[in-house]
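Please work through the exercises below with the sequence and the 3D structure at hand, and try each task before reading its solution.

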Amino acid sequence: MIIPTALRCLARSTQWAVARLHTKSSHWPCVPVQVLARLHSGDTSYPLLEHSKAQLRKLRNQERYFRRKISAAYNRFSEVPDSIVVQGRHHVYFEEDGSIYRMGLGHGDQDAEVVLRADAGGEGEGSLQRVRISPGERVLAATLRTPSEETRCILVSLGEPLAPPQPLLTLNGVFSFEWATDDILFFTSMDNLRCRHVFRLDLNAEEEPKSTLVYEEQDPEFFVEVSSSRDRRLLTLNCSSKSSSEVWLVDCSTPLAPPTLVQPRLPGLLYHVEHRDRQLYLLANTAPGQEYQLLRAPLSSPCMGQWEPLFSPAPGTGLRDMELFRDHCVLAVRTPSGPLGLQVVPLADPTRTSAIQLPWWACALETRPERVAGGEAFRFLLSSPVHPPVPFLYSPQEHQLFLEEDPTAPPLPDYHTTRLEAPSQDGTMVPLTLFHMPAWGDLKEVPLLLHVYGAYGLDMNMGFSPEKRLLLEEGWALAYCHVRGGGERGLGWHRAGRLEGKRRAVEDLAACIRRLFYLGVSRPALTALTARSAGAVLAGALCNQHPRLLRAVTLQAPFLDVLGTMTDPTLPLTIEERGEWGDPLADPRHRDCIASYCPYHNITPQRYPSTLITAYEGDRRVPLTGVWRYSERLAAAVSVHVNSSLTPVPESEPPPSIILDLQPGGDHFGPEDFDLSLNEAARQLAFIHSELGIPGRAAVRQA
């Protein structure tokens, strides 16, 4: 798989570390240096915290109600497709409840044997991130991530076919890894959120396992990851920045030899590599408009001058995945009109490329590991925020798509997936995906929950969520705004939302909301917006510029001070992220642009939507100080507006609530503990229902 590897290289930095405030003068409240120490000591003598705790206490009954509802939704959809990790020579390995188990091939209904538990390593519970089995099924390697985002790679000796697994070795700080042989493991180490080094671990060393540095990245804007070709003949060392990439190859038959370079990095050139029969197959942005195309080059001479174009997707097509088979290349794409599809390219005659239409409701595609090495079937799961995953199989030989869904599964109630476009301020048409159960003409009085991200060339997360399904069945409409900066319409869509384009992405979001209202979908008093991490930049900017479009907003681990972060190069991600946000220290135009939309720096006294901000005390990507400053400044602006005699607030319109929900732990991606995650989701649903004036029952019956 190529595209997921590339996206992971971007996604590891899609979450931000908010820095110290850089402003010459400000009359807004600023958190004192001592605040963090006092917070961690249990001191809550701050008005914002006291107000937030009081508001959250008022929501407690509704939170309990929604916790029961969400828990029931998870139980209802608990029978998801199996999560087989891989099939080895003697066993099938699979994950369940965060641990890895195996069962012998051809042994009937035997009990599963534990290979690795989630709490292995003696450092408490961790979440399973990546699993690889050595070519001869002698050793298993798996990474576990702790709640503080620390990672460790645990190696387990699998022994003989009938021997029990035994712990072998633990490596700390490992981000990515792949086996070259049964004894040679290549891995990258993460330090301060950066991956710059590739090591080779030799388990066959004379005295003890030995790690050797094989690659060191010198450019701080680049991130390094190790991956494997589908045929497992090559390992690739992928070096990626926001606008350039470079790939080094390791031949698994000679893993001790130095890596070889495919094509030296060039400004603006992005490429990713697969291998088959001594040929490299590349996805590179060498098509017109700097979009991706499929190319081929001999392994013996892989430089750019030897790249032979095979196939170019239509303009505006977003590539989601790539799988290379013996005679075909299968590209999973998002078509310009929005739906997912497959492009099947015959390697012998690429002019006979064909398109496979996937179900209209499908919004997310997740590749499933091939159970047998070298298998010739493309297995994947299709889902949407309101549709649970369904397994599919595509056979290139038969040129057929097969549904592997359990025919005994109960049918889901009917709902609508409506794809729309909204004209932005500059005339660009912005795609929208809307999920709803009521008929189109009955959407005027339904509550509306909007979603946005728009950064790093990544699609929004549109995989299945039981919480979203719950809202759908209770009468909500759910809208996903595919603004510029994301990857929904290819690299050009991302480039249009980078740097100065961030302002366009804010305009896109406002256009999407206005388009829905114009078409008769809900109204501002019944509309909420949710965003997390970098998506909070657009959400916060929208609230500054168009506060009357929304009634409520929820922000999770939000990035809200773009200017402060990008002017502090000592932070771990600042230099690496210049390709996305700009360099305000070196370019005054970038500084002016960031200052024009930065959520923190544009707060002004006016009526804001009610806002629930969820932050994690130990989050290294979004430190608490930045979130605290934003929250206090926003609360102060709301207070000034409410108390101003020049702008009286009608008694029928209660003042907005600004709530800062501080949670323990350091995981930027939310709590790993299932119960804690249920509590957090229930709290957010309770908040938006309360602010929109909707009791905790079906909104349709309240309309």
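The exercises that follow go from the whole chain to two sheets and then to a pair of helices, in a model that is predicted.

**Exercise 1. The whole chain**

Task: State how many helices and strands the chain has, and what share of its residues count as buried.

Solution: Begin with the secondary structure, which comes to 14 helices and 36 strands. Then turn to burial: of the 703 residues of the chain, 59% count as buried. As a last step, consider the contacts in the chain with a separation of 6 or more, of which 60% are accounted for by residues 24 or more positions apart.

**Exercise 2. The sheet that begins with S9**

Task: Find the order of the strands in the open sheet that contains S9, and explain why one side of each edge strand is left without a neighbour in the sheet.

Solution: The order of the 4 strands is S9-S10-S11-S12, and their pairing is antiparallel. Strand S9 (174–179) and strand S12 (210–216) stand at the edges, and each has a single partner strand, so one side of each has no neighbour in the sheet. On average, neighbouring strands of this sheet are turned by 25° against each other, when direction is ignored. Looking next at one pair, we find that strand S11 (residues 194–202) is joined to S12 by 6 bridges and that the two run antiparallel. Within this pairing, Arg-200 has Thr-212 in S12 as its bridge partner.

**Exercise 3. The sheet that begins with S13**

Task: Identify the edge strands of the open sheet with the order S13-S14-S15-S16, and name the bridge partner of Trp-248 in S16.

Solution: This open sheet has 4 strands with antiparallel pairing, and its edge strands are strand S13 (223–228) and strand S16 (260–261), each of which pairs on one side only. Strand S15 (residues 245–251) pairs with S16 in the antiparallel sense over 2 bridges. The bridge partner of Trp-248 in S16 is Leu-261.

**Exercise 4. Two helices that cross**

Task: Describe how helix H7 and helix H8 are placed relative to each other, and list the residues through which they meet.

Solution: The axes of helix H7 (residues 502–518) and helix H8 (residues 535–545) come within 9 Å and cross at roughly 70°. Since angles of 65 to 115 degrees count as roughly perpendicular, this makes H7 roughly perpendicular to H8. The crossing in which H7 passes H8 is right-handed. On the H7 side, Lys-502, Ala-505, Val-506, Leu-509, Ala-510 and Ile-513 take part, and they meet Leu-538, Ala-541, Leu-542 and Gln-545 in H8. Sorted by class, this contact has 8 nonpolar, 1 polar and 1 charged residues.

Terms used. Residues numbered from 1 in each chain as written. Predicted model: local features only at pLDDT ≥ 70, side-chain atom pairs only at ≥ 80, totals over all residues. Heavy atoms only, no water. Axes fitted to C-alpha atoms, helices over the stretch in contact; angles between N-to-C directions. Parallel < 35°, antiparallel > 145°, perpendicular 65-115°, else oblique. Left-handed = near helix turned anticlockwise from the far one by under 90°. Contact = heavy atoms within 4.5 Å. Nonpolar A, V, L, I, M, F, W, Y, C, P; charged D, E, K, R; others polar. Pairing = 2+ DSSP bridges. Buried < 20%, exposed > 50% of the residue type's maximum accessible area, 1.4 Å probe, protein only.
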